[in-house]
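Here's a quick tour of how some helices in a protein sit against each other, and of a little hole inside the fold. Have the structure open and click along as you read.

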Amino acid sequence: MNVPVWGWFLTIGLMAVFLLIDVFVIARRPHVPSMAEAGRHLAFYVAAAVLFGLFVWFEWGGQYAGEFYAGWLTEYSLSVDNLFVFLLIMASFKVPQKLQQSALMVGIIIAIILRGVFIALGAVVINAYSWVFYIFGAFLVYTAVKLATGGETDDDEYHENRFLLWIEKRFPATKEWNGTRLTVIENGKRLITPMLIVILALGTTDLLFALDSIPAIYGLTKEPFLVLTANIFALMGLRQLYFLIGGLLKRLVYLSIGLSVLLAFIGVKLVMHALHENNLPFINGGQPLEGVPDIPILVSLGAIVLILGVTTVASLWKSSRDAKLEAAGPVALERSDDGTSDSAPSRAATRDVL
């Protein structure tokens, strides 16, 4: 895939324009978006991603278009899990509803910049050391197992990470909200505001989630251009998704199970790819294992759609069933309890990231 330099600048420039328009609109009128507004904006970003995939198909072929769509769907599904933690952050810091859009917008911009750094580093490492796919694959399988067996957690609490604790200790902060301002001057001293702390919490939390999402997408495509654009498209619609399905997240009780299956699938695919192109001297004498299949992108795309579809349908069915049983009475709910009525642990609950 040969993307000219001007193609990189044009793509990134257009996406930056959309983000700046969002920032300008929100800065002028902080508000809580209606369901209709959030739905329209989300539909726009989804349509833009679909059209971009068609452009990739027209310009570079169906193989790369399939890689983009697979990467975009994977990043989007992993981002949905991020939203649950974002809700906890907003509740923990008691962010006023009309300021939540601003906090999310700036936090997402920080996340895009930091992910861009991760993606560049990943591309350099992959080009220099092809055996890194063994490490990526093993890490994703490990994350999937840990995610699926994370056990019971308290999903109603958010614990600040070490970076935030250091910021709050190092810089004096005011307890009062001052709109979207990040710092204020009180009694001749400059203080940081809760808005700055929330933005840093959102940005750093997403960066920690990127530790498995970036290797996952590199398991679907080796093209940094597709990795970057898939991540940007997934993050650009995240703010609208936050307001649109905030209440729906509680109903996705099998989300973590679905994500664990997805990560395990991509992890196995990475290991199989590494074996297919092996050059490690202690494996098969440094020769590729020709008998190991390399999963085609169309199979990967189909598997991703199937996993996400089954996860969503099963989650909504389970939530609807539990709601009906709860309305029927506690006895009926107790008889029907199969041990999975509580939502599965999120990625944040399965590793010490917060």
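H2 and H8 cross in a right-handed way. Keep in mind that this is a predicted model. Let's start with that pair, then turn to H8's contact with H7, and finish with a cavity.

**H2 against H8**

- To find the pair, look for H2 at residues 35-60 and H8 at residues 224-236.
- The two helices pack at an angle of about 165°, and their axes lie 9 Å apart.
- Angles over 145 degrees count as roughly antiparallel, so H2 is roughly antiparallel to H8.
- On the H2 side, the residues making the contact are Tyr 45, Ala 48, Ala 49, Phe 52, Val 56 and Trp 60.
- On the H8 side, their partners are Phe 225, Leu 226, Thr 229, Phe 233 and Met 236.
- Sort the residues of this contact by class and you get 10 nonpolar, one polar and no charged.

**H7 against H8**

- Now swing over to H7, which covers residues 194-218.
- H7 and H8 pack at about 135°, with 11 Å between their axes.
- That angle makes H7 oblique to H8.
- What is the handedness of the crossing of H7 and H8? This crossing is right-handed.
- H7 brings Asp 206, Ile 214, Ile 217 and Tyr 218 to the contact.
- H8 answers with Pro 224, Leu 226, Val 227, Ala 230, Asn 231 and Leu 235.
- The class tally for the contact of H7 with H8 is eight nonpolar, one polar and one charged.
- Leu 226 of H8 is worth a click, since it shows up in the contact with H7 and also in the contact with H2.

**The second largest cavity**

- How many cavities of 30 Å³ or more does the structure hold? There are three.
- The second largest of them has a volume of about 40 Å³.
- Its lining is made up of Phe 86, Leu 104, Gly 107, Ile 108, Ala 111, Leu 202, Gly 203, Asp 206, Leu 235 and Leu 238.
- Which helix gives the most to this lining? That's H4, with four residues.
- H4 (97-128) and H7 each supply at least two of the lining residues.
- By class, the lining has seven nonpolar, two polar and one charged residues.
- Two names here should ring a bell: Asp 206 and Leu 235 line the cavity, and they also take part in the contact between H7 and H8.

Note on methods:
Residues numbered from 1 in each chain as written. Predicted model: local features only at pLDDT ≥ 70, side-chain atom pairs only at ≥ 80, totals over all residues. Heavy atoms only, no water. 1 Å grid on protein atoms, 1.4 Å probe; cavity = no way out; pocket = protein on both sides within 12 Å on 5 of 7 lines; lining within 4 Å. Points joined across faces, edges and corners; volume = space filled by probe spheres on them. Nonpolar A, V, L, I, M, F, W, Y, C, P; charged D, E, K, R; others polar. Axes fitted to C-alpha atoms, helices over the stretch in contact; angles between N-to-C directions. Parallel < 35°, antiparallel > 145°, perpendicular 65-115°, else oblique. Left-handed = near helix turned anticlockwise from the far one by under 90°. Contact = heavy atoms within 4.5 Å.
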